[in-house]
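Biologist: I'm new to this one, so could you walk me through it? I'd like to ask how you arrive at each label.

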Amino acid sequence: DCLEFNSAYPDCKVDYHDYIGDGYCDGGVYNTVECGYDGGDCLEFNSAYPDCKVDYHDYIGDGYCDGGVYNTVECGYDGGDCLEFNS
């Protein structure tokens with residue numbers, strides 16, 4: 001419902017309102033203060049990796065070393081996926 005969404009997140013400007021609070025951390029513009037950190041979906045990720053700025057949060061700790069911006073101290077070396085690669 002648009003009225004409920006606009007009331008809860010008046011400054012959240014996203015294309016797909018139904019992504020907010022759907023149980024999946026969408027990241028990007030959804031993972032902002034204005035959007036309630038994706039309606040709370042990104043709180044766990046943000047707590048674990050507060051300085052990790054990536055487009056696809058589900059790549060972190062998925063069992064595959066994605067490299068690049070994922071393989072950084074801020075992202076826990078891809079949530080541990082790149083530890084073997086880095087050793």
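Biologist: How much area does the protein chain expose, and what share of it do carbon and sulfur atoms supply?

Modeller: Bear in mind that this is a predicted model. The protein chain exposes about 5700 Å², and carbon and sulfur atoms supply 50% of that area. Buried residues make up 30% of the 87 residues.

Biologist: What does the fold look like in terms of helices and strands?

Modeller: There are five helices and zero strands, so along the sequence you read α-α-α-α-α. The C-alpha atoms fill a box of roughly 50 × 20 × 20 Å along the principal axes.

Biologist: What makes C12 and C35 a disulfide?

Modeller: Their sulfur atoms are 1.9 Å apart, and the cut-off is within 2.5 Å, so the pair counts as a disulfide. C12 and C35 both sit in the loop between α1 (2-8) and α2 (36-39), 23 residues apart. Both cysteines are buried.

Biologist: Why is the disulfide of C52 and C75 called right-handed?

Modeller: The torsion about the S-S bond is about 95 degrees, so the link of C52 and C75 is right-handed. The S to S distance for this pair is 1.9 Å. C52 and C75 lie in the loop between α3 (43-48) and α4 (76-79) and are 23 residues apart.

Biologist: Which parts does the disulfide of C65 and C82 tie together?

Modeller: C65 is in the loop between α3 and α4 and C82 in the loop between α4 and α5 (83-86), so the link ties together parts 17 residues apart in sequence. The sulfur atoms of C65 and C82 are 2.0 Å apart.

Biologist: Why does C65 count as partly exposed?

Modeller: C65 has 21% relative accessibility. Buried means under 20% and exposed means over 50%, so C65 falls in between and is partly exposed.

Biologist: And C82, buried or exposed?

Modeller: C82 has a relative accessible area of 0%. That is under 20%, so C82 is buried.

Biologist: How do you know that C2 is too far for a bond?

Modeller: The closest cysteine sulfur to that of C2 is in C12, and it is 12 Å away. A disulfide needs sulfur atoms within 2.5 Å, so C2 is too far from C12 for a bond.

Biologist: How many disulfides does the structure hold, and what is the pairing?

Modeller: The structure holds four disulfides. Number the bonded cysteines in sequence order and the pairing is 1-3, 2-4, 5-7, 6-8.

Conventions:
Residues numbered from 1 in each chain as written. Predicted model: local features only at pLDDT ≥ 70, side-chain atom pairs only at ≥ 80, totals over all residues. Heavy atoms only, no water. Helix = DSSP H or I, 4+ residues; strand = E, 2+ residues; numbered from the N terminus. Buried < 20%, exposed > 50% of the residue type's maximum accessible area, 1.4 Å probe, protein only. Areas by Shrake-Rupley, 256 points an atom, 1.4 Å probe, with all protein chains shown as cover.
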